[in-house]
Amino acid sequence: MTIQSLSYLLFVVLVWVAIWPLRSARSRQALFLVASYLFYATLGLGFLAVLIASSLMNYLLGVMLRRRPTAGRLWIGISLNMLLLMLFKYLPQMTVGPASNLLPKIIMPVGVSFWTFQALSYLFDLYREEELDPSLVEFCLYMAFWPTVLSGPVCRLPDMLPQFRETARPAWDDVAEGTRRIIIGLFMKVVLAQLLVTGFNAGEGVAAGFDQIARGWGGIDVWLLAIGFGFQLFFDFAGYSHIVIGTARLFGIRLEENFNRPYFSLTPSVFWTRWHMSLSFWIRDYVFLPLATARREKWWRSFVLVFAMALFGLWHEATLLFLIWGIYQGLLLVAHRKGQQLKRTLNFKMPRYMGTSLSWALTFALISLGWIFFRAHDLDQALLMMKAVVSPASYFQLALRPNFYIVTSLVVCGYFAYVGLESLLSRLGENLWARRAFRLLSPLYYAMAIFFIIVWSKQETVFVYFQF
């Protein structure tokens with residue numbers, strides 16, 4: 001069962017109907033947990049067994065830490081969770097040659113990285129002596145809550161526990177907002193992301209562009225492939241996050257936002273507070289800040305920043321390309337900080353509009369360029385594409401199909417135009433006529449979105465973050 005399937009929508013409706021008459025928090029929690037386990041079991045009973053085992057293990061570790069929050073007990077919990085993660089996620093990748101034949105049946109449970117990070121945050125919070133006292137059912141629900149179990153957002157128990165204990169029925173405003181978010185998410189994921197990855201016709205999208213190794217690429221090709229893939233990833237994952245947040249909202253549960261218009265960021269630092277926010281903030285709070293405050297030297301803070309982003313890259317997959325991508329992003333963050341320091345030292349100023357435009361363009365270009373390492377098949381391909389970027393002669397060569405340039409440009413420019421229009425309407429929100437016009441146009445807008453979702457739903461879509 002996938003979140004963009006009709007069966008998922010039917011599943012959500014059935015759970016909503018079943019939970020509506022329940023007024024007891026324990027009854028609601030029990031129903032949520034059964035629904036979550038049923039949903040996850042559709043991916044494989046073995047996966048469900050691993051999830052339950054991890055939940056029970058971390059609940060017992062939490063009991064130990066509540067009794068005596070020592071560093072030794074915390075490290076036991078960290079080690080056990082990392083061993084579990086390495087067994088399913090990294091060991092099959094790192095085992096090559098004859099030894100790989102010993103591991104033919106080890107398949108990574110979907111979402112193992114996300115719910116392992118949730119377990120670790122629980123242990124970290126207990127070590128910091130936060131007042132957390134979940135029951136076994138509440139903790140298992142926190143680990144398995146079906147909207148988030150596959151690919152986040154990465155939740156934290158202090159945010160979820162009070163909501164799991166709520167007894168009030170979801171308000172109709174929650175239902176309306178949840179439905180709206182689901183429609184937006186399906187449109188982003190099923191229509192826009194799929195349009196970029198495949199194009200109008202086979203062989204015209206981002207996927208085919210990265211596969212075109214024999215003919216090579218020109219500079220314009222590489223830039224559009226990098227930008228196109230970045231937006232494909234954004235629409236795919238942000239769309240998924242909209243669906244997940246909307247699903248939880250139907251039941252009156254509010255999840256943290258995962259994306260906040262990252263491509264409008266003026267600096268790399270701001271970008272990483274707007275992209276995959278739940279994981280970015282997790283790494284900031286539980287990796288970067290504890291390490292950065294361990295020593296006072298300025299070089300140490302820069303090193304830890306690069307180290308944290310390198311871990312961010314390896315979290316996706318234990319390969320050289322993801323390590324390079326993480327280091328690249330870390331170096332961007334360090335360069336931004338050094339640039340800000342130099343700017344203050346020199347007291348350098350430029351016209352505000354010019355400075356804002358230049359900062360946005362530079363951030364957009366550098367972040368987009370980094371997606372090459374994220375998407376390339378191997379290091380040789382990534383280096384060939386980078387070579388095309390820095391070679392002036394390559395910009396006179398166009399190696400991809402004409403429709404690729406048209407579709408990618410239209411989707412990317414259309415997104416910026418839409419967000420700009422949305423911002424304008426929000427500023428006019430106090431205007432009576434603007435509010436009336438918005439109410440009149442909203443049904444048409446959502447009807448068109450649903451129409452395109454139905455048309456494009458025939459395409460086969462694969463959520464890229466399921467592999468993480």
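# Briefing: helices, rings and backbone quirks

Leu61 is buried, with 6% relative accessible area, and its home is helix H3, residues 45–67. Keep in mind that this is a predicted model. Below is a quick tour that starts from Leu61, moves on to two helices and some ring interactions, and ends with the backbone oddities.

**Around Leu61**

- Setting aside neighbours within four places in sequence, Leu61 is in contact with Ile76, Gly77, Leu80, Asn81 and Leu123.
- One of those partners, Leu123, has a number that falls within helix H5, which runs over residues 112–127.
- As for Arg156, its C-alpha is separated by 16 Å from that of Leu61, and the two residues are 95 apart along the chain.

**Helix H5**

- H5 has 16 residues and spans 23 Å from first C-alpha to last, close to the 22 Å expected at 1.5 Å a residue.
- Of its 16 residues, 15 are buried, so H5 is largely enclosed by the rest of the structure.
- After H5 comes Glu129, with a positive phi near 65°.

**Helix H16, a two-sided helix**

- H16 covers residues 379–390, twelve in number, and reaches 17 Å between its first and last C-alpha, close to the expected 16 Å.
- Its buried residues are Gln381, Ala382, Met385, Met386, Ala388 and Val389.
- These buried residues sit on the same side of H16 because they cover an arc of only 155° around the axis.
- The general background is simple: an α-helix has 3.6 residues a turn, so residues three or four places apart point the same way.
- On the other side of H16, you'll find Asp380, Lys387 and Val390 exposed.
- The cover over the buried residues of H16 includes helices H9 (206–211), H10 (219–250), H14 (320–346) and H15 (352–375).
- Gln381 in H16 is a buried residue at just 3% relative accessible area.
- Leaving out neighbours within four places in sequence, Gln381 is in contact with Phe210, Ile213, Trp217 and Ala376.
- At the N-terminal end, Asp378 does the capping: one of its side-chain oxygens lies 3.2 Å from the backbone nitrogen of Asp380.

**Rings**

- The aromatic pair count comes to 63.
- Among them is Phe364 with Phe416, an edge-to-face pair at 6.0 Å centre to centre with 70° between the planes.
- That pair links distant parts of the chain, with Phe364 in helix H15 and Phe416 in helix H17 (residues 402–427), 52 residues apart.
- Phe364 is buried, at 13% relative accessible area.
- Over at Trp300, Arg295 lies over the face of the ring, 5.4 Å from its centre.

**Backbone oddities**

- As a rule, most residues other than glycine have a negative phi, and most peptide bonds are trans.
- The peptide bond from Gly152 to Pro153 is cis, with omega near 5°.
- Pro153 sits in the loop between helix H6 (136–144) and helix H7 (157–164).
- Arg261 isn't a glycine, yet its phi is positive at about 50°.
- You'll find Arg261 in the loop between H10 and helix H11 (268–271), where it counts as partly exposed at 31% relative accessibility.
- His276 also isn't a glycine, and its phi is positive, near 45°.
- His276 lies in the loop between H11 and helix H12 (277–292), and at 0% relative accessibility it counts as buried.

How values were computed. Residues numbered from 1 in each chain as written. Predicted model: local features only at pLDDT ≥ 70, side-chain atom pairs only at ≥ 80, totals over all residues. Heavy atoms only, no water. Helix = DSSP H or I, 4+ residues; strand = E, 2+ residues; numbered from the N terminus. Expected span 1.5 Å × (residues − 1). Buried < 20%, exposed > 50% of the residue type's maximum accessible area, 1.4 Å probe, protein only. Arc of directions from axis to C-beta. Contact = heavy atoms within 4.5 Å. Polar contact = N/O pair within 3.5 Å; in protein donor to acceptor, adjacent residues only side chain to side chain. Phe/Tyr/Trp six-rings, centres within 6.5 Å; stacked < 30°, edge-to-face > 60°. Lys NZ or Arg CZ within 6 Å of the ring centre and 35° of its normal.
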